[in-house]
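Colleague: Before we go through this model together, could you take me through its sheets, its loops and its internal spaces in turn?

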Amino acid sequence: MMHGPEKSDLGVVAMKSANKLWTSAESMERRLGAKGNAGERSTCRTQSRESVHRSLQRVRHRARQEKRGRFTSLLHHITPTLLDAAFSSLKKNAAAGIDGVMWRDYELDRASNLRSLHDRLHRGAYRPKASRRQYIPKADGRLRPLGIAALEDKIVQSALVSVLNAVYEEDFVGFSYGFRPGRGQHDALDALAVGLDRAKVNWVVDADIERFFDTVDHDWLLRFVAHRIGDPRVMKLIRLWLRAGVMDDGSIKETLEGTPQGAVISPLLANIYLHYAFDVWAQQWRKRHVRGRMIVVRYADDIVLGFSLELEARQFVAALNERLATFALSLHPAKTCILEFGRHAIKNRAMLGLGKPHTFTFLGFTHISAVDRAGRFQLQRHSRRDRLRATLARIKLLLKRRMHWSIPEQGHWLARVVRGWFGYHAVPTNFRALDAFRHCVVVLWRRNLNRRSQKANTTWNRMTQIAADYLPPPRISHPWPSVRFAANHPRWEPGASITPAGICAGGVP
């Protein structure tokens, strides 16, 4: 046991050994390959990049050893090599910020630009620029505001995220899936499906935090970050990014709350905020108040919980409202609900004459209580109809712009679109949506071809042949959730729980 703080060579102030904040460490999921510019150099091909990797591994190791230690010196890990790797990871065709600099422009004098950026960053001369406001349509017709950062801000944020991930990946709990390395939407969907099936929950809480990214309190966020980060230079960078402002209609507006959606560092800051505001608290509440079963899956600000008992579900929602209010957050009244769901929902509601169980949506899928051919409970997931219609509307618009492309050109483009949609939605029990989506695309394509001239007359027989030549057929490509979840969590088992709290659908060793 340590008697007083000691500073290591990594700049960590080691405090007294922490009491565990949760019952058992959550197992980590497999690491996936990096997305983005696959043609660029990887981060471990040269000796200097291997040195960066080893440096961050030491940070991760110390974060694992000192759960309550504070890292007082982290900025030196942002080296020219790490900045170069961060630059390579950015999208080449991404929109420019208010500086107007594109990826290709910066690439022309890459080495010199990155050396200058590194020098300004460590001299304290680097100053972030305001984000450029841009609005994108949502599935419900509203507009989502995005903040497009300047290119150098993206580079520095991406590099710092790599450093901070080495710290926080040792802290984040297993049921947190949003915007984390090696974790994706299907991992969260698998965890939820396995939890609903094996934990035998009867009630689901579908919780959504209202305008989360717009209402994050800066003071609370900085206090949360300061729990682990004691480097004043890193804290200053985060403070500058939060208050850099946004340019909207030619004028720069100061941001006093919220994190800019679209910024590279925003997802990590959001996870840090919710880690302290929700995750750790939910773990403690589960241990102290739950007598039945309880599962939790969180993806960013979308949270789904399962309970064995209705009373405990309602008690949790009431306690959660009070908890979030402390941190200037609130549950969305229209999107947050408690519904009967699970293996007994169909029978219980039929006995009371209430009809079919209600459904809920999570990560693009509508989750439905159903039964298989043997009459056993089966969770079915169907693509959300509103999202499907919005995608088809977008395809219709883009097809119109490509009306006079040749059939092979249109076919190759549509094949990429359909294949990409299938890549996410081709889950078990969702075949009808795949088939319907492909059929609608073929209908739109035929209509587009027949409008190219008054003499055009593409028959259905001809259109069927064209579609067969270019478009992939509907096929389920994802394994059943329990199969993939068991492969990613080989030590997980239904009985590996802390009685009476139940399992955590994030993987329990």
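Colleague: In what order do the three strands of the open sheet with β12, β13 and β14 run, and which are the edge strands?
Modeller: The model is predicted, and in it these three strands form an open sheet with antiparallel pairing, in the order β12-β13-β14. From one strand to the next, the twist averages 40°. Pairing on one side only marks the edge strands, which are β12 (360-362) and β14 (377-383).

Colleague: How many bridges join β12 to β13, and which residue is the bridge partner of Phe-362 in β13?
Modeller: The strands β12 and β13 run antiparallel and are joined by three bridges. Within this pairing, the partner of Phe-362 in β13 is Phe-365.

Colleague: Over how many bridges do β13 and β14 pair, and which residue in β14 stands opposite Ile-368?
Modeller: Strand β13, which covers residues 365-371, pairs with β14 in the antiparallel sense over seven bridges. One of the bridge pairs sets His-367 against Arg-381 in β14. For Ile-368, the residue standing opposite in β14 is Gln-380.

Colleague: Why is β13 described as largely enclosed by the rest of the structure?
Modeller: A residue counts as buried when its relative accessible area is under 20%. In β13 this applies to a good part of the strand, so it is largely enclosed by the rest of the structure, the number of buried residues being five of the seven.

Colleague: Which residue takes a positive phi in the hairpin of β12 and β13, and is that residue buried or exposed?
Modeller: The hairpin of β12 and β13 has two residues between the strands, and Leu-363 takes a positive phi near 55° there. Most residues other than glycine have a negative phi, and Leu-363 has its positive value although it is not a glycine. At 11% relative accessibility, Leu-363 counts as buried.

Colleague: Which residue takes a positive phi in the hairpin of β13 and β14?
Modeller: This hairpin has five residues between the strands. The positive phi, near 85°, belongs to Gly-375.

Colleague: Where does Thr-429 lie, and how is its accessibility classed?
Modeller: Thr-429 has a positive phi of about 75° although it is not a glycine. Its place is the loop between α14 (407-425) and α15 (431-450). With a relative accessibility of 24%, Thr-429 counts as partly exposed.

Colleague: What is the order of the open sheet of four strands, and why do β9 and β11 each have one side without a neighbour?
Modeller: The pairing in this sheet is antiparallel, and the order is β9-β10-β6-β11. Neighbouring strands are turned by 15° against each other on average, direction ignored. Because β9 (294-299) and β11 (337-340) stand at the edges, one side of each is left without a neighbour in the sheet, and each has a single partner strand.

Colleague: Which residue in β10 is the bridge partner of Met-294, and which helix lies across β9 and β10?
Modeller: The strands β9 and β10 (residues 302-307) pair in the antiparallel sense over six bridges. The bridge partner of Met-294 in β10 is Phe-307. Running at about 175° to β9, the helix that lies across both strands is α10.

Colleague: How many cavities of 30 Å³ or more does a search of the whole structure find, and what is the volume of the largest cavity?
Modeller: The search of the whole structure finds two cavities of 30 Å³ or more. For the largest cavity, the volume is about 100 Å³.

Colleague: Which helices each supply at least two residues of the lining of the largest cavity?
Modeller: Of the 14 residues that line the largest cavity, the closest to its centre are Ser-131, Gln-157, Trp-241, Pro-260 and Ala-263. By class, the lining has nine nonpolar, three polar and two charged residues. The helices that each supply at least two lining residues are α5 (151-168), α9 (232-242) and α10 (266-289).

Colleague: For the protein chain as a whole, what percentage of the residues is buried?
Modeller: The secondary structure of the chain comes to 17 helices and 14 strands. Among contacts with a separation of 6 or more, 73% are accounted for by residues 24 or more positions apart. Of the 509 residues in the protein chain, the buried share is 50%.

How values were computed: Residues numbered from 1 in each chain as written. Predicted model: local features only at pLDDT ≥ 70, side-chain atom pairs only at ≥ 80, totals over all residues. Heavy atoms only, no water. 1 Å grid on protein atoms, 1.4 Å probe; cavity = no way out; pocket = protein on both sides within 12 Å on 5 of 7 lines; lining within 4 Å. Points joined across faces, edges and corners; volume = space filled by probe spheres on them. Nonpolar A, V, L, I, M, F, W, Y, C, P; charged D, E, K, R; others polar. Pairing = 2+ DSSP bridges. Axes fitted to C-alpha atoms, helices over the stretch in contact; angles between N-to-C directions. Contact = heavy atoms within 4.5 Å. Buried < 20%, exposed > 50% of the residue type's maximum accessible area, 1.4 Å probe, protein only.
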